[in-house]
Amino acid sequence: MYERSSVAELAESLRAELNRYSVGGKLPSSRVLVEQYRVSPVTVSRALAQLAAEGLVVTRPGAGVYRAQPRTQATAPGDTSWQAVALSAEDAGEVVPRSVDATGVLVTLAAPPAGVIELHSGYLHSVLQPERAMAAALARAGRRPGVWGRPPVEGLPELRDWFAREIGGAVAAGDVLVTAGGQSALATALRALAPPGAPILVESPTYPGLLALARAAGCRPVPVPVDADGVRPELLAAAFEATGARVFVCQPLFQNPTGAVLSGERRGEVLRIARAAGAFVLEDDYARYLAHEDSGPLPATLAAEDPDGVVVHVRSLTKVTSPSLRVGALAARGPVFDRLRAIQVVDTFFVPRPLQETALELVGAPAWPRHLKSVAAELRHRREVLTGALRRELPELEVPHPPRGGYQVWAGLGAGEDEAAFVAAALRAGVAVAPGRAYFCAEPPGPFVRLSLAGVSGGGELTQAVRRLRAGQGPKGAGQGPMETRQDPKGTRQDPKGTRQDPKGTA
């Protein structure tokens, strides 16, 4: 496989050489470029494709590659200041003004500068993604009859059936909608369950993407505190009574960001309280496939224990595979299913069939259980490395309950600490972390940061990150000096028996 850095370097070299050729002049052939730069033909092809996408060269099949006509100078920008009035007037008659604030989400999606260790990412590093298995699944999916045809709006029957079996209980294929990932499923569910202006009960702290969705829909998120055993039932009941809410959004398994698992006793109480309030529980089962090796048997989904259609269930394959495999599921029983289906059809029509076929091929392959097992072992290893390094290097950070699943560690900074200053100092030291403030819809009880296990190449990079954090929090703002060399992103760790793990999976 080509190196991404080689493609970027070759493209930069060719870009610098373009002035040697007149407009319409022919560049050297691919064979010459391969010999001149000592790279593979694939690297040359991709670098030229990048230049073509930038409008710098034109490819003529059978003839070669030529320097393109320079683009004309952009015209002066128009005056868009009128939009401030138009967008403000849109909210005039709404009980809760809609605000589309993606700040909390962008913190975890934005790529940091080169050399910065990513402890803020919510997706698996490439060394943990099943790249070979996904490529093989995509190739097999491409050969399926009708793969480019229109799929059923609810999703492929076989994929709906697979999701139903994974969710468990009495959930059937007919209760499942295939969605474009978990975020899309949450957006559809919130629109279906709560009208604009309505209160929505959420765990506190909770996933910033949920808070952004709620506010963008004109709803009012109301916090219900969680502890080590999940949401506190007595506070949930009080919140339903005080607000009249008809929706509670819950992550009962490895809650983001705390890692809490809803206890067995509380599971039944949550369903009973919601049912008594005539409310839905929106179960975001985002981490079902991110259990650590030592997590023990996982509890069933809330949907599997719900006979009355109280639970609307969300899950996704994205977190455990790739950011680009955006395939998830919504499951619901009763009249609410028709509303969910109608909203999804209006918003997106359907999830592209090639993506659904690829997902179906992937989860049906022998590589799938091997991949889940590999991720479980590696996440446990990384958790132990990170928490151990924090105890040694930054004992003032509080991690009272290291999670047994999910991809993050939630750390308290201690009373009186400045969260924003900690995050800024970390970035100067070469580490990107997620500030805790974005995880609260009301005043936070203290300063926190979320540290991700997923977006780094391995345990060595986690150890290096903690050392940088310690240096960055020094009394004189250390960490502004030269940054250490980043670990080879292709590196893998040795297991205790001396055999090297293969995190890519095989098809």
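**Exercise 1. Locate Phe349 and state which sign its phi has.**

Step 1. Phe349 is placed in the loop that links α12 (336–348) to α13. Helices here are DSSP runs of H or I with at least four residues, strands are runs of E with at least two, and both are numbered from the N terminus. The model is a predicted one, in which local features need pLDDT of at least 70, side-chain atom pairs count only at pLDDT 80 or more, and totals for chains, interfaces and linings use all residues. Residues are numbered from 1 along each chain as its sequence is written, and side-chain values use heavy atoms, with hydrogens and water left out.

Step 2. The phi of Phe349 is positive, about 70°, although the residue is not a glycine.

Step 3. Phe349 has a relative accessible area of 54% and is exposed. The classes are buried under 20% relative accessible area, exposed over 50% and partly exposed in between, with a 1.4 Å probe and protein chains only.

**Exercise 2. Carry out the analysis for Arg38: where does it lie, and is it buried or exposed?**

Step 1. Arg38 lies in the loop between α2 and α3.

Step 2. Its phi is near 55°, a positive value in a residue other than glycine.

Step 3. The relative accessibility of Arg38 is 77%, so it counts as exposed.

**Exercise 3. Describe how α2 packs on α3.**

Step 1. Two packed helices are described by the angle between their axes and the distance between the axes. Axes are lines fitted to C-alpha atoms, for helices over the stretch in contact, and angles run from 0 to 180 degrees between N-to-C directions.

Step 2. For α2 (residues 30–37) and α3 (residues 41–53) the angle is about 110° and the axes are 9 Å apart. α2 is therefore roughly perpendicular to α3. On this scale, angles under 35 degrees are roughly parallel, over 145 roughly antiparallel, 65 to 115 roughly perpendicular, and the rest oblique.

Step 3. The crossing of α2 and α3 is right-handed. A crossing is right-handed if the near helix is turned clockwise from the far one by less than a right angle, and left-handed if anticlockwise.

Step 4. Ser30, Leu33 and Val34 of α2 meet Pro41, Val44 and Leu48 of α3; contact means heavy atoms within 4.5 Å.

Step 5. By class, this contact of α2 with α3 has 5 nonpolar, 1 polar and no charged residues. Ala, Val, Leu, Ile, Met, Phe, Trp, Tyr, Cys and Pro count as nonpolar, Asp, Glu, Lys and Arg as charged, and the others, Gly among them, as polar.

**Exercise 4. Do the analysis for α6 and α13: at what angle do they pack, and which residues make the contact?**

Step 1. α6 (residues 131–142) and α13 (residues 353–363) pack at about 125°, with axes 8 Å apart. That makes α6 oblique to α13.

Step 2. The crossing of α6 and α13 is right-handed. From α6 the contact takes in Ala133, Met134, Ala137, Leu138, Arg140 and Ala141, and from α13 Pro354, Glu357, Thr358, Glu361 and Leu362.

Step 3. These residues of α6 and α13 divide into 7 nonpolar, 1 polar and 3 charged.

**Exercise 5. Explain why α9 is described as largely enclosed by the rest of the structure.**

Step 1. Of the 9 residues of α9, 7 are buried, so the helix is largely enclosed by the rest of the structure. The buried ones are Pro208, Gly209, Leu210, Leu211, Ala212, Leu213 and Ala214.

Step 2. The buried residues of α9 pack against α5 (103–109), α8, β5 (199–204), β6 (220–227) and β8 (247–250).

Step 3. The axes of α8 (residues 182–193) and α9 (residues 208–216) come within 10 Å and cross at roughly 35°. Gln183, Leu186, Ala187 and Leu190 of α8 touch Gly209, Leu210, Leu213 and Ala214 of α9.

Step 4. In the loop between β5 and α9 lies Pro205, and the peptide bond from Ser204 to Pro205 is cis, with omega near 5°. After α9 comes Gly218, with a positive phi near 80°.

**Exercise 6. State which residues Val320 contacts, leaving aside its neighbours within four places in sequence.**

Step 1. Val320 sits in the loop between β10 (311–316) and β11 (328–331). Its relative accessible area is 1%, so Val320 is buried.

Step 2. The contacts are Leu124, Pro130, Tyr289, Leu290, Trp368, His371, Leu372 and Val375.

Step 3. Val320 and His371 are 51 residues apart in sequence and 8.9 Å apart in space, C-alpha to C-alpha.
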